[in-house]
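Please open the structure below in your viewer and keep a selection tool at hand. The tour goes from one selection to the next and says what is found at each stop.

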Amino acid sequence: MPFIRRNAIHNGEVTPVKLTANAFSGTILASAATFSVNTTAATLVPPLVVPFLFTDGTATIEVTMPYKVRVIDVSHLKLAANAGGANTVQVLNGASAVSAAVAVNTSDKVLTTSGFDIDDATMEVASGGLLKVTSTKVGTNSACIVYVTVLRVA
């Protein structure tokens, strides 16, 4: 099966029109307007990243989900220079914890992508349900952005 180099897409060597002209045995369907993979084993769904912006202090931000989603990743970006204390962030599905409260005492501009666990029993937020993130200030400045990545599942 042929493969496509990532830089070939960026420099114009590969376009949806050029893909149509090549023989991919019906595995890849492409046109100038769409690009999809023909498969019955899985459905490709683009992830959605939901940013939660917190200023210094303890707060909870909630988003009503317009459709059922599954939380698949969480990351945290510190926005303040002070890194002391025991500040935490936690992702919730309504009142149920999706992740444990994770200490996020990093320096300014540090993106934390590890340490977040995801509970498979609460990771799916219903259509109309609340996806929440709580930031708890215990020490110094707790300003941050928490990025929650979800997939639409229904």
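Does Arg152 count as buried, partly exposed or exposed, and at what relative accessibility? Arg152 counts as partly exposed because its relative accessibility is 45%, where buried means under 20% relative accessible area, exposed over 50% and partly exposed in between, with a 1.4 Å probe and protein chains only.

Before moving on, note that this is a predicted model, in which local features need pLDDT of at least 70 and side-chain atom pairs count only at pLDDT 80 or more, while totals for chains, interfaces and linings use all residues. Residues are numbered from 1 along each chain as its sequence is written, and side-chain values use heavy atoms, with hydrogens and water left out.

**Stop 1: the whole chain**

Colour the protein chain by secondary structure, and two helices and 12 strands appear; helices (H or I, at least four residues) and strands (E, at least two) are DSSP runs, numbered from the N terminus. Following the chain from the N terminus, the order of elements is α-α-β-β-β-β-β-β-β-β-β-β-β-β. Of the 154 residues in the protein chain, 31% are buried. Among the contacts in the protein chain with a separation of 6 or more, 73% are between residues 24 or more positions apart, a contact being heavy atoms within 4.5 Å. A surface representation of the protein chain corresponds to an accessible area of about 8900 Å², with 57% of that area on carbon and sulfur atoms; such areas come from the Shrake-Rupley method with a 1.4 Å probe, and for residues only the protein chains shown count as cover.

**Stop 2: around Arg152**

Return to Arg152, which lies in strand E12, and display the residues that Arg152 touches, namely Val45, Tyr67, Lys68 and Val69, when residues up to four places away in sequence are not counted. The charged end of Arg152 sits over the ring of Tyr67, at 4.0 Å from the ring centre; the criterion is that NZ of Lys or CZ of Arg is within 6 Å of the ring centre and within 35 degrees of the ring normal. Now add Glu124, which is 28 residues from Arg152 along the chain, with 9.4 Å between the two C-alpha atoms.

**Stop 3: salt bridges**

Keep Glu124 selected and add Arg70, since these two residues form a salt bridge whose closest N and O atoms are 2.4 Å apart; a salt bridge is a side-chain nitrogen of Lys or Arg within 4 Å of a carboxyl oxygen of Asp or Glu. Glu124 lies in strand E10 (residues 124-125) and Arg70 in strand E5, so the pair ties together parts that are 54 residues apart in sequence. Glu124 is partly exposed at 29% relative accessibility, and Arg70 is partly exposed at 28%. Adding Lys68 completes a network of salt bridges that links Lys68, Arg70 and Glu124.

How many salt bridges does a search of the whole structure find? The search finds four, and one of them joins the side chains of Lys137 and Asp56 at 2.8 Å, N to O. This pair links distant parts of the chain, with Lys137 in the loop between E11 and E12 and Asp56 in the loop between E3 and strand E4 (59-64), 81 residues apart.

Select next Lys132 and Glu62, whose side chains meet in a salt bridge at 3.9 Å, N to O. Lys132 belongs to strand E11 and Glu62 to strand E4, and the pair links parts of the chain 70 residues apart. Lys132 counts as buried at 19% relative accessibility, whereas Glu62 counts as partly exposed at 45%.

**Stop 4: the nonpolar core**

Select Phe52, Leu131, Val146 and Val148, which touch the most other members of the largest nonpolar core, a set of 20 residues; such a core consists of buried Ala, Val, Leu, Ile, Met, Phe, Trp, Tyr and Cys residues joined through side-chain atoms within 4.5 Å. Two or more residues of this core come from each of strand E3 (48-54), strand E5 (69-78), strand E6 (88-93), strand E11 (130-136) and strand E12 (144-152). E12 gives the largest share, four residues. Centre the view on Leu131 and, leaving aside neighbours within four places in sequence, look for its contacts, including Val50, Phe52, Ile61, Val71, Val91 and Val148.

**Stop 5: His76**

Finish at His76, which is found in strand E5 and counts as buried at 1% relative accessibility. Beyond its neighbours within four places in sequence, His76 is in contact with residues including Val89, Thr106, Phe116, Cys144 and Val146.
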